[in-house]
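Visitor: I should like to understand how the terms used for a structure are justified. Could we take them in turn?

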Amino acid sequence: MRDSDKIAVGIIGASGYGGVQLVRLLLDHPKVEIVYLGGDSSAGKPYSELYPHLGHCFNLTIEPIDLDKVTSRCQVVFLGLPNGLACEIAPTLIEKGCKVLDLSADYRFSNLETYSAWYKKERSDRATAAMAVYGLPELYRDEIRQAQLIGCPGCYPTASLLALAPLLKQGLIVPETAIIDAKSGTSGGGRQAKTNLLLAEADNSLGAYGVTKHRHTPEIEQICSELAGHEIRVQFTPHLIPMVRGILSTVYATMRDPGLVREDLITIYTALYRSSPFIKVLPTGVYPQTKWACGTNLCYIGIEVDPRTDRVIVLSAIDNLIKGQSGQAIQCLNLMMGWQETLGLPQLSFYP
Ligand SMILES: NC(=O)C1=CN([C@@H]2O[C@H](COP(=O)(O)OP(=O)(O)OC[C@H]3O[C@@H](n4cnc5c(N)ncnc54)[C@H](OP(=O)(O)O)[C@@H]3O)[C@@H](O)[C@H]2O)C=CC1
Ligand SMILES: CC(=O)N[C@@H](CCC(=O)OP(=O)(O)O)C(=O)O
């Protein structure tokens with residue numbers, strides 16, 4: 001028997017890392033009930049076979065993706081699929097009245113030509129895409145409240161944009177000087193067999209990838225340009241670091257006003273994020289570590305100014321699978337449903 005006080009939620013792409021984080025968080029969420037899990041190669045398997053550690057509290061079986069079934073059972077659907085699949089599914093879900101939260105890149109772009117150029121996929125769902133809202137609550141809270149379709153940001157864009165947004169909103173930096181140096185744990189690559197994610201490749205090593213070419217660059221630039229009110233280019237370099245979870249993003253930019261000191265910037269950041277319960281602006285001289293955010297929906301931000309170079313340095317740390325993915329999607333759902341923004345979302349890390 002379903003609990004009628006709870007809304008019925010489905011997860012398509014339930015077998016992946018995003019899927020299992022959603023399951024973990026939603027099982028503890030007081031206002032939702034998971035009623036459907038969908039998958040491809042995992043269809044037909046009990047969830048406890050894929051994830052035995054959840055066997056004691058969760059006994060659904062993954063089903064083949066059947067949109068009639070999904071829409072007849074679910075009020076809300078999370079899509080945790082590889083890029084390029086959500087745009088084939090979301091139009092039907094939206095038409096049938098479901099609220100949809102997509103974890104992939106398909107609904108993050110206001111300009112579909114940019115999406116097609118970077119993701120090598122032509123789009124035929126323009127009307128649906130036009131409804132989508134970028135799911136970064138700290139920047140688009142009011143729009144998310146009204147939305148039926150959310151394009152949840154990527155993990156690097158989440159960490160980078162939260163670090164950059166106050167500088168751009170207030171016009172504090174010289175355009176084109178922003179450099180983002182970001183490091184991600186291997187879970188950012190999903191639960192697939194990829195050579196670069198093997199322990200023997202990733203452990204005891206640190207390297208950049210996608211230099212000048214990573215597909216999160218246009219996503220970050222789109223939102224930066226919106227915030228600044230004019231076109232912005234950034235230099236974004238991601239790195240794979242031998243840990244499982246977490247992103248540390250270090251942002252450098254030249255300040256317009258060399259007279260500003262770090263305390264001024266901490267005051268500005270604190271004021272701009274005063275209504276954002278998941279952003280923790282750190283005091284003078286404290287810089288974030290990924291471990292502090294691990295297992296939480298928090299983003300820690302540390303700020304420094306170098307008077308020798310007139311550069312501001314902003315460091316942000318998140319859990320890529322939570323604030324960078326599943327937790328942020330639930331934060332958006334809370335807003336869409338008119339619930340408290342923090343409902344069901346952890347704020348205490350696994351530390352150490
Ligand atoms: N990992 C991260 O840190 C972040 C990931 N994202 C994005 O979230 C999305 C999910 O990522 P993640 O959970 O890491 O990915 P995983 O690789 O761990 O899981 C992918 C899921 O997609 C399903 N799937 C794959 N191919 C198909 C298909 N042809 N038809 C239907 N289902 C399919 C798989 O199902 P099955 O096993 O049944 O085949 C699996 O459940 C991606 O778009 C990713 O880019 C966004 C932010 C952060
Ligand atoms: C470590 C690692 O491999 N990270 C992934 C980022 C995952 C993500 O957020 O990407 P989407 O935009 O596809 O959702 C990458 O760089 O491709």
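**Cys155 and its surroundings**

Guide: UniProt, in an unreviewed entry, places the feature "active site" at Cys155; such positions follow the numbering used here, feature names are shortened, and annotations may be inferred rather than shown by experiment. This is a predicted model: local features need pLDDT of at least 70, side-chain atom pairs count only at pLDDT 80 or more, and totals for chains, interfaces and linings use all residues. Residues are numbered from 1 along each chain as its sequence is written, while chains are lettered from A and ligands numbered from 1 in the order in which they are written.

Visitor: Why does Cys155 count as buried or exposed?

Guide: A residue is buried if 20 or more other C-beta atoms, placed from the backbone, lie within 10 Å of its own, exposed if 12 or fewer, and partly exposed in between. Cys155 has 28 C-beta neighbours inside 10 Å, and therefore counts as buried.

Visitor: What makes strands S8 and S11 a pair?

Guide: Two strands pair if DSSP finds at least two bridges between them. Strands are DSSP runs of E with at least two residues, numbered from the N terminus. S8 (residues 179–184) and S11 (residues 247–254) share six bridges in the antiparallel sense, so they satisfy the definition. Ala182 stands opposite Ser249 in S11.

Visitor: Which residues surround ligand 2?

Guide: A residue is near a molecule if its C-beta atom, placed from the backbone, lies within 6 Å of it. Among those around ligand 2 are Cys155, Ser184, Gly188 and His216.

Definitions and conventions: Helix = DSSP H or I, 4+ residues; strand = E, 2+ residues; numbered from the N terminus.
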